[in-house]
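This report goes through selected side-chain contacts and backbone features of one protein chain. The sequence and the structure are shown first.

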Amino acid sequence: MVTVYFIAASVIILLILLIRKPVVSHALVFIYVGFLGALCVSESSHYDNPAGDFFKADALGVLLLFVTLIISFFSAIHYAVYAQKRLQASGIVAVHNASFVVFATAISGVFLSTHIGMLWAFLEASTLSGAALIYHDRDKLSLEATWKYLFVSSIGVTLGFAGIMFLSIAAHNTPNYINDLVRVAPDMNLGWIKTSFIFVLAGFSVKMGIVPLFTIDIDAKDSSPSPIGAMFSGPLMSVGFVAIYRFYQIYAHTSILAWMNHVLLLTGVLSLFLAAVFILKTNNFKRLLAYSSMEHAGLILIAFSTGVNGYLVAILHLTLHAFAKAGLFFQIGQVHRTYQSKIEEECGDYFKVSPVGSMALLAGLLAIVAMPPSGLFMTEFLLFKSLMISGQWWIVFVVMFLLCFFVYSIIRKFFTMIFIANPNARVMEQVNPLESLSPLLLIGGVLIAGVFSPDFLIRIIQQAILVLPQ
């Protein structure tokens, strides 16, 4: 099925570029999503089998393939509306949709890759296609964000490649298949693999949106259409996590395990701190959501750094956050259309304009600030429990202190936009309430997960982390 999927994606990309009618272009994207769904079903039926050649999804890959499928489906719907409302030229729509298929295929390729070199190649493909998606509006802001994204992402991918080279040196003549590298990892030189992990973490931070290369991720989410912001906050963040996870998986059975956990903890806390600093001065709602994604990425690394108690928590948090943040990006895109602005000073009294859209925003805020019944409340509670079990009380207090800044900033600014009248706000378009259905579905799923334990998610994550020290 993997071969059929890649062939189908290639054919669909060519057809989109050749047949530039928007209706046909959008239809081809949904056909592609159908192939992605078939791939998910196929891989989920035997993910616990030994890995094959270059492509074979393990339990983590299957989970994140399904996350990508769901968010890609809703992104395709919202972009079709976006393009129609803005009367986008057929050429722009064709380039966007072709780039979208390349982007989603590259993301799924990362989740499927059993070879480190192939994983890197798909990461690079996600950079190039992601840049085309950022440049969609063809204005000065998107041009600046695009060249910054290409430049910094290229640095990040190069650092990641250097990490792969150091791994290859440490592994001697061992083929760069993940399972083979796991097997020989205990015999590797500790200096080389420590250097490799540092370069990989620094390089692939550009995909996950964490320290040190986080800034262009913020600009990308701000400048791109909101459906693409959803893809960056969900599937692309997951790509960055998986890239780092694969190297962690290789080195986890060596003596540097505790050292890696310390590095991840430091990176997570620094990401949380810098996101807290920047979010206080942000009056742009899309950037506000982007810094919130950086916050959650930091929490994921902190949870993962606690070892066996935090592995499941981190991956569950990653999954639930992807859905909640995608829903919020879809809804904030509607706010942007309503006021032709995403700036706090130019929006207001949104509840009066769109009660259904406001309910979606309020539900999304409840989810991402981790208030009950949000599933993220459950994962953050378990995060603090893991930190306490590992004796890191000072981290608990630091993280709680920093989270106060996020809760304050997000609630104050969104509540002002939703409930407070603003004389500078001008309603430019009345958005159909039905467009808030997909945000409500995605966010509602996260809220339900906090009430009814998502056992099927927990089981697949437990299967995924069996490869790590227990």
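## Salt bridges

A search of the whole structure, which is a predicted model, finds twelve salt bridges. One of them joins the side chains of Arg246 and Asp58, with an N to O distance of 2.7 Å. This pair links distant parts of the chain, 188 residues apart. Arg246 belongs to helix H10 (residues 226-251), whereas Asp58 sits in the loop between helix H2 (22-44) and helix H3 (59-85). The two partners are covered to unlike degrees: Arg246 has 3% relative accessibility and counts as buried, while Asp58, with a relative accessible area of 22%, is partly exposed. The value for Asp58 can be read against the cut-off for buried, which is under 20%.

Asp217 and Lys221 also meet through their side chains in a salt bridge, again given as N to O, at 2.7 Å. Both residues lie in helix H9 (residues 215-223), where they are four residues apart, about one turn of the helix. Asp217 and Lys221 are both buried. A further salt bridge is formed by Glu344 and Arg412, whose closest N and O atoms are 3.9 Å apart. Glu344 is in the loop between H13 and helix H14 (350-353) and Arg412 is in helix H17, so this pair ties together parts that are 68 residues apart in sequence. Glu344 counts as buried at 13% relative accessibility; Arg412 is partly exposed, with a relative accessible area of 35%.

## A salt-bridge network and a buried lysine

Salt bridges link Asp219, Asp222, Arg287 and Lys342 in a network. Which side chain of opposite charge is nearest to Lys286? That side chain is Asp222, 5.2 Å away. Lys286 is buried yet has no salt bridge. The cut-off for a salt bridge is 4 Å between a side-chain nitrogen of Lys or Arg and a carboxyl oxygen of Asp or Glu, which is why a separation of 5.2 Å does not count.

Lys286 lies in helix H12 (residues 285-305). Neighbours within four places in sequence left aside, the contacts of Lys286 include Lys221, Asp222 and Lys342. Lys286 is also in contact with Ser224, Pro225 and Ser226, as well as with Phe329 and Ile332. Among these contacts, Asp222 and Lys342 are members of the network described above, and Lys221 is the salt-bridge partner of Asp217.

## The nonpolar core

The largest nonpolar core has 165 residues. Met188, Phe197, Phe241, Tyr251, Phe414 and Met417 touch the most other members of this core. Helix H13 (residues 311-339) supplies the largest share, 18 residues. In soluble globular proteins, nonpolar side chains tend to be buried together.

What does Tyr251 touch, apart from residues up to four places away in sequence? Its contacts are Leu167, Met188, Ile193, Ser196, Phe197, Ile256 and Met260. Met188 and Phe197 appear in this list and are also among the residues that touch the most other core members.

## A nonpolar surface patch

A nonpolar patch on the surface is formed by Phe351, Val356, Met359, Phe415, Phe419, Ile420 and Leu440. Together these residues have about 580 Å² of accessible area. Helix H15 (355-368) and helix H17 (393-419) each supply at least two residues of the patch. One patch residue, Phe419, is placed in helix H17, and its relative accessibility of 40% makes it partly exposed.

## Backbone features

Two cis peptide bonds can be described here. One joins Val211 and Pro212, with omega about 10°; Pro212 is located in the loop between helix H8 (190-208) and H9. Another joins Pro372 and Pro373, also with omega about 10°. Pro373 is in the loop between H15 and helix H16 (375-389).

The loop between H15 and H16 also holds Ala370. Phi of Ala370 is near 60°, a positive value in a residue other than glycine. Ala370 is buried, with a relative accessible area of 7%. Arg138, likewise not a glycine, has a positive phi of about 55°. Arg138 occurs in the loop between helix H5 (116-134) and helix H6 (140-171), and at 36% relative accessibility counts as partly exposed.

Key: Residues numbered from 1 in each chain as written. Predicted model: local features only at pLDDT ≥ 70, side-chain atom pairs only at ≥ 80, totals over all residues. Heavy atoms only, no water. Core = buried A, V, L, I, M, F, W, Y, C linked by side-chain atoms within 4.5 Å. Buried < 20%, exposed > 50% of the residue type's maximum accessible area, 1.4 Å probe, protein only. Contact = heavy atoms within 4.5 Å. Lys, Arg positive; Asp, Glu negative; His and termini not counted. Patch = residues over 30% accessible without salt bridge, like charges linked within 9 Å, V, L, I, M, F, W, Y side chains within 5 Å. Areas by Shrake-Rupley, 256 points an atom, 1.4 Å probe, with all protein chains shown as cover.
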